[in-house]
Amino acid sequence: MNKSIGQIKAEFEAAEEETLPLLFAEYADDARSGVQNLLVRYRKKLEKLSAERERLRQMRQFENAYGQFDYICGIDEVGRGPLAGPVVAGAVILPKDCDILWINDSKKLSAGKREELYTEIQEKAVAVGIGVVSPERIDEINILQATYEAMRRAVQKLKVAPQILLNDAVTIPQISVPQVPIVKGDAKSISIAAASIVAKVTRDHMMKEYDSVYPGYKFAQNKGYGSGEHIEALKKLGPSPIHRRSFIGHFIADV
């Protein structure tokens, strides 16, 4: 007796990636349109997974180039441009056999996907460090130096000492670990991409919390960036304690 399409669909949904080809062979001659549609759908899924593994293989090019090191650390930051909130850096050491699919530059991912990957990175990484520098400190030393400081703090928070740093485009002063600056590194290195996700999600969470403390600026939505609504609120309400005074002089006086 033939299995129902519902039963076959359940088999496909429960199948591991490596067993899908067996199901393709088993049901190749089943002429029912519902079964053939399942075959098409899951072949596309398998092709998508194969393409993703190839993309990740290419994103390991720098990690492979420095494969003599056991602890390769990716570094990235988020929050250079906002009018409010901290600058946050992430430092991530991934295992050599890292199998986290869909890691990418955080800007290319949806908020939901970033949250999923953030959790998976935290679970599977060898070490994760996060560095946060306040708006007051940004005003004191300027955003570039504050970014470097956040990166140094992130490295210091790692539970394992990195042997080499892969950085998104910069060379961090006052650090003794060998460094490799990579332009657009968050799209080229899996370690930097992981760091970008950790930094982005961490800062987004902070800005959502600030939104409840300082209502009116819509920090949960704009994350401190200069959206039209944010600038209007800034003019109406004046600066909050987390606004960067050195950034908002163009919008309000007497800061």
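Student: In which strand is the place of D76?

Tutor: This is a predicted model. In the model, D76 lies within residues 72-78. That stretch is strand β1.

Student: Is D76 buried or exposed?

Tutor: Buried means under 20% relative accessible area. The relative accessibility of D76 is 4%. Therefore D76 counts as buried.

Student: Which residues is D76 in contact with, leaving aside its neighbours within four places in sequence?

Tutor: Some come soon after β1 in numbering, so take the list in order of sequence. D76 is in contact with V88, A89, G90 and M151. The list goes on with D168 and D186. It ends with I192, A195, S196 and A199.

Student: Which residues does the UniProt annotation "binding site" cover?

Tutor: The annotation comes from an unreviewed UniProt entry. D76, in strand β1, is one of its residues. The full set is D76, E77 and D168.

Student: They are spread over 93 residues of sequence, so what is the largest C-alpha distance?

Tutor: Spread in sequence is one thing, place in space another. D76, E77 and D168 cluster in space. Their largest C-alpha distance is 8.2 Å.

Student: Where is D168 found, and is D168 buried or exposed?

Tutor: D168 is found in strand β4, residues 164-168. Its relative accessible area is 15%. The cut-off for buried is under 20%. So D168 is buried.

Student: Which residues does D168 touch, not counting residues up to four places away in sequence?

Tutor: Two of them carry numbers in the seventies: I75 and D76. D76 also has D168 on its own contact list. The others that D168 touches are I182, K184, G185, D186 and I192.

Student: How many residues has helix α8, and what does it reach from its first C-alpha to its last?

Tutor: Helix α8 covers residues 190-213, which is 24 residues. At 1.5 Å a residue, 34 Å is expected. The model comes close to that, with a reach of 35 Å.

Student: How many residues of α8 are buried?

Tutor: α8 is mostly covered. One example is K200, found in this helix and buried with a relative accessible area of 17%. Of the 24 residues in α8, the number buried is 17.

Student: Which residues does K200 touch, not counting residues up to four places away in sequence?

Tutor: K200 sits in helix α8. Its list is short and reaches outside that helix's residues, 190-213. K200 touches V78, S106 and R114.

Student: What reaches to the backbone nitrogen of S191 at the start of α8?

Tutor: The partner is a side-chain atom. It comes to within 3.3 Å of that nitrogen. The atom is a side-chain oxygen of S189.

Student: Why are C73 and C98 in no disulfide?

Tutor: A disulfide is a covalent bond between the sulfur atoms of two cysteines. The closest cysteine sulfur to that of C73 is in C98, too far for a bond. C98 is in no disulfide either, and the structure holds 0 disulfides. The separation of the two sulfurs is 13 Å.

Student: Are C73 and C98 buried or exposed?

Tutor: C73 is at 0% relative accessibility. C98 has a relative accessible area of 6%. Buried means under 20%. So C73 counts as buried, and C98 is also buried.

Student: Which element supplies the largest share of the largest nonpolar core?

Tutor: This core has 29 residues, of which C73, I75, L158, L165 and I172 touch the most other members. Elements that each supply at least two residues include β1, β2, β3 and α6. The largest share, 6 residues, comes from α7.

Student: Which residues are among the other core?

Tutor: That core lies apart from the largest one. It has 21 residues. Among them are C98, L109, Y118 and V201.

Student: Which loop residues have a positive phi?

Tutor: One is in the loop between α8 and α9, with a phi of about 60 degrees. Another is in the loop between α9 and α10, with phi near 55 degrees. Neither is a glycine. They are K218 and K223.

Terms used:
Residues are numbered from 1 along each chain as its sequence is written. This is a predicted model: local features need pLDDT of at least 70, side-chain atom pairs count only at pLDDT 80 or more; totals for chains, interfaces and linings use all residues. Side-chain values use heavy atoms; hydrogens and water are left out. Helices (H or I, at least four residues) and strands (E, at least two) are DSSP runs, numbered from the N terminus. The expected span of a helix is 1.5 Å times one less than its number of residues. Buried means under 20% relative accessible area, exposed over 50%, partly exposed in between (1.4 Å probe, protein chains only). A polar contact is a pair of N or O atoms within 3.5 Å; within protein, one must be able to donate a hydrogen and the other to accept it, and residues adjacent in sequence count only if both atoms are side-chain atoms. A disulfide is a pair of cysteine sulfur atoms within 2.5 Å. UniProt positions are given in the numbering used here, feature names are shortened, and annotations may be inferred rather than shown by experiment. Contact means heavy atoms within 4.5 Å. A nonpolar core is a set of buried Ala, Val, Leu, Ile, Met, Phe, Trp, Tyr and Cys residues joined through side-chain atoms within 4.5 Å.
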